[in-house]
Amino acid sequence: MATATRTVHIEDPVGIHARPASAFTQAVAASGCSVTISKQPGTPGVDAASVLMVMSLGVQQHDTIEIVVEGDGAEAVADGLVKTLLASE
């Protein structure tokens, strides 16, 4: 099974709030891959398909997050998820 990891620096002044979290989790669900997100690279992640889990991370401006995608097309899915997340900033 393919795995892709992306590290993203959050610049949005309010971090990952409800709107970007919702768009991100919807994209995760549509991907068909297993995706985790963690507040700091190398720490255990949470289920990125759950808006409540993503919001529970409390990601703020200047935080660095890590997205790990497992499944078919993991590289393309990871790139798309980063774009989705940054488009909401």
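This report describes a four-stranded sheet and two charged residues in it, glutamate 66 and arginine 6.

The model is predicted, so local features need pLDDT of at least 70 and side-chain atom pairs count only at pLDDT 80 or more, while totals for chains, interfaces and linings use all residues. Residues are numbered from 1 along each chain as its sequence is written, and side-chain values use heavy atoms, with hydrogens and water left out.

**The sheet**

Helices (H or I, at least four residues) and strands (E, at least two) are DSSP runs, numbered from the N terminus. Two strands pair if DSSP finds at least two bridges between them. The sheet is open, its four strands following the order E1-E4-E2-E3 with antiparallel pairing. Strand E1 (3-9) and strand E3 (46-47) stand at the edges with a single partner strand each, so one side of each has no neighbour in the sheet. Seven bridges pair E1 with E4, and threonine 3 stands opposite glutamate 70 in E4. Strand E2 (residues 34-38) is joined to E3 by two bridges, with isoleucine 37 opposite valine 46.

Helix H3 (residues 74-87) lies across E1, E2 and E4 and runs at about 20° to E1. Such angles run from 0 to 180 degrees between N-to-C directions, with axes fitted to C-alpha atoms, for helices over the stretch in contact (heavy atoms within 4.5 Å).

**Arginine 6**

Along E1, Ala4, Arg6 and Val8 point to one face and are buried, while Thr3, Thr5, Thr7 and His9 point to the other and are not. Buried means under 20% relative accessible area, exposed over 50%, and partly exposed in between (1.4 Å probe, protein chains only). Arginine 6 has a relative accessible area of 18%. Its side chain makes polar contacts with the side chains of glutamate 75 and aspartate 79. A polar contact is a pair of N or O atoms within 3.5 Å; within protein, one must be able to donate a hydrogen and the other to accept it, and residues adjacent in sequence count only if both atoms are side-chain atoms.

| Side chain | Partner side chain | Distance |
|---|---|---|
| Arginine 6 | Glutamate 75 | 2.6 Å |
| Arginine 6 | Aspartate 79 | 2.8 Å |

**Glutamate 66**

Glutamate 66 is found in strand E4 (residues 64-70). Glutamate 66 is buried yet has no salt bridge, that is, a side-chain nitrogen of Lys or Arg within 4 Å of a carboxyl oxygen of Asp or Glu. The nearest side chain of opposite charge, arginine 6, is 9.9 Å away. For charge, Lys and Arg count as positive and Asp and Glu as negative; His and the chain ends are not counted. A polar atom of the glutamate 66 side chain lies 3.3 Å from the backbone nitrogen of glycine 42.
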